[in-house]
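Here is a short note for a colleague opening this structure for the first time. Please keep the sequence and the 3D view side by side while reading.

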Amino acid sequence: KNISILNEIPNNSDFYFVHNFAVKYKDSPYIIAKTSYQINFASILNKDNIYAVQFHPEKSSASGTRLLRNFLNL
């Protein structure tokens with residue numbers, strides 16, 4: 001999908017997760033990114049102008065910085 005918040009972030013980029021909580025999901029149009037680490041879980045959700053991430057973008061190096069920059073440019 002062409003999703004603005006993910007511009008210039010390649011598939012399979014690394015992000016920093018510091019806890020073991022996860023959003024379990026069934027297929028949903030609001031899930032824009034999924035992660036597989038021991039289990040599969042939703043890592044980015046979007047509905048209208050609301051975005052939610054399951055990770056810490058501020059601790060996620062260049063990919064996290066790009067995601068925050070993209071968010072500011074929405």
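The points below take the sheet, its two hairpins and the largest pocket in turn.

1. Status of the model. This is a predicted model. Please read every point below with that in mind.

2. The sheet. Start with the strands. Three of them make an open sheet, in the order E1-E2-E3, and the pairing is antiparallel. E1 and E3 are the edge strands, each pairing on one side only. From one strand to the next, the twist averages 20°. As general background, strands of a sheet pair through backbone hydrogen bonds, either parallel or antiparallel.

3. E1 with E2. Strand E1 covers residues 31-37, and strand E2 covers residues 39-47. Six bridges pair E1 and E2 in the antiparallel sense. To find the register, look at Thr35: its bridge partner in E2 is Phe41.

4. The hairpin of E1 and E2. How many residues lie between the strands here? The answer is one residue. Look also at Gln38, which takes a positive phi near 70°.

5. E2 with E3. Strand E3 covers residues 50-53. E2 and E3 run antiparallel and are joined by four bridges. One pair to locate is Ile44 with Val53, its bridge partner in E3.

6. The hairpin of E2 and E3. This hairpin has two residues between its strands. Asp48 sits in the turn. Its phi is positive, at about 55°.

7. The largest pocket. Now turn to the pocket. Its volume is about 740 Å³. The lining is made up of 28 residues. Which of them lie nearest the centre? They are Phe17, Lys34, Thr35, Ser36 and Ser43. Thr35 thus appears twice in this note, as a residue nearest the pocket centre and as the bridge partner of Phe41.

8. What the strands give to the pocket. E1 and E2 each supply at least two residues of the lining. E1 gives the most, with seven residues. An edge strand of the sheet is therefore worth viewing together with the pocket.

9. Character of the lining. By class, 16 lining residues of the largest pocket are nonpolar. Nine are polar, and three are charged.

Definitions and conventions:
Residues are numbered from 1 along each chain as its sequence is written. This is a predicted model: local features need pLDDT of at least 70, side-chain atom pairs count only at pLDDT 80 or more; totals for chains, interfaces and linings use all residues. Side-chain values use heavy atoms; hydrogens and water are left out. Two strands pair if DSSP finds at least two bridges between them. On a 1 Å grid over the protein atoms alone, a cavity is a set of points where a 1.4 Å probe fits but cannot get out, and a pocket is an open set with protein on both sides within 12 Å along at least five of seven lines; lining residues have an atom within 4 Å of a point. Grid points are joined across faces, edges and corners, and a volume is the space filled by probe spheres set on the points. Ala, Val, Leu, Ile, Met, Phe, Trp, Tyr, Cys and Pro count as nonpolar, Asp, Glu, Lys and Arg as charged, and the others, Gly among them, as polar. Axes are lines fitted to C-alpha atoms, for helices over the stretch in contact, and angles run from 0 to 180 degrees between N-to-C directions.
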